[in-house]
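Please load the model in your viewer and keep a selection panel open, since this tour moves from the whole chain to helix pairs and then to single residues. Each stop says what to select and what is there.

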Amino acid sequence: MNIFKLPDLGEGLVEAEIVEWHAREGADIREDELLVAVETAKAIVDLPSPQSGRIKQCFGKPGDIIHVGDPLVEFESAATQKADSGTVVGRVEVGTEQLRESPATIGKTTAGVRATPAVRALAQRLNVDLSIVTPSGTEGTVTAADVQRVAEIFAAMGPLEPLRGARRAMARNMARAHAEVVVVTVSDDADIEPWVEAGDITVRLIRAITAGCRAEPALNAWYDSHSIGRRLIPEIHLGIAVDSKDGLFVPVLRNAGNKDTATLRQELDALKDKVRSRSIPPAELRGQTFTLSNFGTFAGRYADPVVLPPTVAILGAGKVRPVVVATDTGTAVHRILPLSLSFDHRTVTGGEASRFLGVVIEDLQKNT
């Protein structure tokens, strides 16, 4: 018997969700014929069969989350599997041993929680994570009543909804960013009243970011926390935060500083369409050197955008609003665009960030 395990999907991905089985138990399948569709944080990927043979058992059903190395299919055939199937998902392993990996922990563990063995057993039986329980016992000890109280709250809330796909990846990435980055945010406003027309705000922001990165290259960089070093990057590969019903995606606009307005808008629209249809390839979701979040499309003035390693900066643009401003002849109502620049203070100085933001504002305030 041969076991086909979930292969290494690359991109640092360690798990996937079963979307649809293309094959069924008891059916014969040919090598490279589509076997199962799985969803990762990046995209939906069809996995081909690594061999020909009859399927004895399919492990998991649509909606199940499986980890790299977990068994997917058991074959009746004794056909020998190649070391590498040559598929787009990378290395494929087949063996006779089933492997189960534990999912990576996000956030706190229960190792430092004060609780008796009986209380821990109760928490396990009621499916309560002790790390989120507020202790009421002496010296911060979690009691049985504490666990039962949280269990009652959970019961009233309804069942836990596991985060999947892009939302699950977002949870991991945000936890990593919070644990690693020393983030500082500086905010200011750009007076865009001089614009001759309403203009394409996103494209204007891209142009302004390009000007800022050229003036202050320290913000268009990757930081290596292990080596305590940075890599300044000459090309500006701009990550554009895109909201979707499936979660947050950040497709990358390559060489954003070398494209005209029409090309930028065309490529932006194409990226957004791919995100909405979940057809965007993983290669287009990696390698950004700077990030733009145009959250003002929905609401909000200022924010503390999250810097995702290894990048060192992100610019957030809030909602344009009318503001009374002083002019040479008195007062007037101008359109104001609020900006929030978050940066990793481990490598970017306050002066570099402030000068960058100043250049961005200066570019945005031009009439063309």
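Begin with the whole protein chain: among its contacts between residues at least 6 apart in sequence, 64% join residues at least 24 apart, where contact means heavy atoms within 4.5 Å. This is a predicted model, in which local features need pLDDT of at least 70 and side-chain atom pairs count only at pLDDT 80 or more, while totals for chains, interfaces and linings use all residues. Residues are numbered from 1 along each chain as its sequence is written, and side-chain values use heavy atoms, with hydrogens and water left out.

Colour the chain by secondary structure next, and you should find 6 helices and 22 strands; these are DSSP runs numbered from the N terminus, helices being H or I with at least four residues and strands being E with at least two. Colouring by accessibility instead, buried residues make up 41% of the 368 residues in the protein chain, with buried meaning under 20% relative accessible area, exposed over 50%, and partly exposed in between (1.4 Å probe, protein chains only).

**Helix pairs**

Two packed helices are described by the angle between their axes and the distance between the axes. The axes used here are lines fitted to C-alpha atoms, for helices over the stretch in contact, and angles run from 0 to 180 degrees between N-to-C directions.

Select helix H1 (residues 117–126) together with helix H2 (residues 144–157), which pack at an angle of about 10° with their axes 9 Å apart. That angle makes H1 roughly parallel to H2, on a scale where angles under 35 degrees count as roughly parallel, over 145 as roughly antiparallel, 65 to 115 as roughly perpendicular and the rest as oblique. Showing side chains, you will see Val-119, Leu-122, Ala-123 and Leu-126 of H1 make the contact with Ala-144, Val-147, Gln-148 and Ala-151 of H2. By class, the contact of H1 with H2 has 7 nonpolar, 1 polar and no charged residues, given that Ala, Val, Leu, Ile, Met, Phe, Trp, Tyr, Cys and Pro count as nonpolar, Asp, Glu, Lys and Arg as charged, and the others, Gly among them, as polar.

Move on to helix H4 (residues 201–215) and helix H6 (residues 350–364), whose axes come within 8 Å and cross at roughly 140°. That makes H4 oblique to H6. H4 passes H6 in a right-handed crossing; a crossing is left-handed if the near helix is turned anticlockwise from the far one by less than a right angle, and right-handed if clockwise. On the H4 side the contact includes Arg-204, Leu-205 and Cys-213, and on the H6 side Phe-356, Val-359 and Asp-363 are among the residues that H4 meets. The residues of the contact of H4 with H6 divide into 10 nonpolar, 1 polar and 3 charged.

Keep H4 selected and add helix H5 (261–276). H4 and H5 pack at an angle of about 115°, with their axes 10 Å apart, and their crossing is right-handed. Here Thr-202, Val-203 and Ile-206 of H4 touch Thr-261, Leu-264, Arg-265 and Leu-268 of H5, a set that divides into 4 nonpolar, 2 polar and 1 charged.

**Cysteines**

How many disulfides does the structure hold? It holds 0 disulfides, a disulfide being a pair of cysteine sulfur atoms within 2.5 Å. Cys-213 of H4 counts as buried at 4% relative accessibility. Cys-58, in strand S6 (residues 53–58), is buried too, with a relative accessible area of 14%. Leaving aside neighbours within four places in sequence, Cys-58 is in contact with Trp-21, Ala-23, Arg-24, Glu-25 and Leu-72.

**Backbone geometry**

Most residues other than glycine have a negative phi, and most peptide bonds are trans. Select Glu-139, in the loop between H1 and strand S11 (141–142), where phi is near 55° and the residue is exposed, with a relative accessible area of 67%. Then select Arg-278, which has a positive phi of about 55° although it is not a glycine, and which counts as buried at 11% relative accessibility. Finish at the peptide bond from Pro-309 to Pro-310, which is cis with omega near 5°; Pro-310 is found in the loop between strand S19 (290–293) and strand S20 (313–317).
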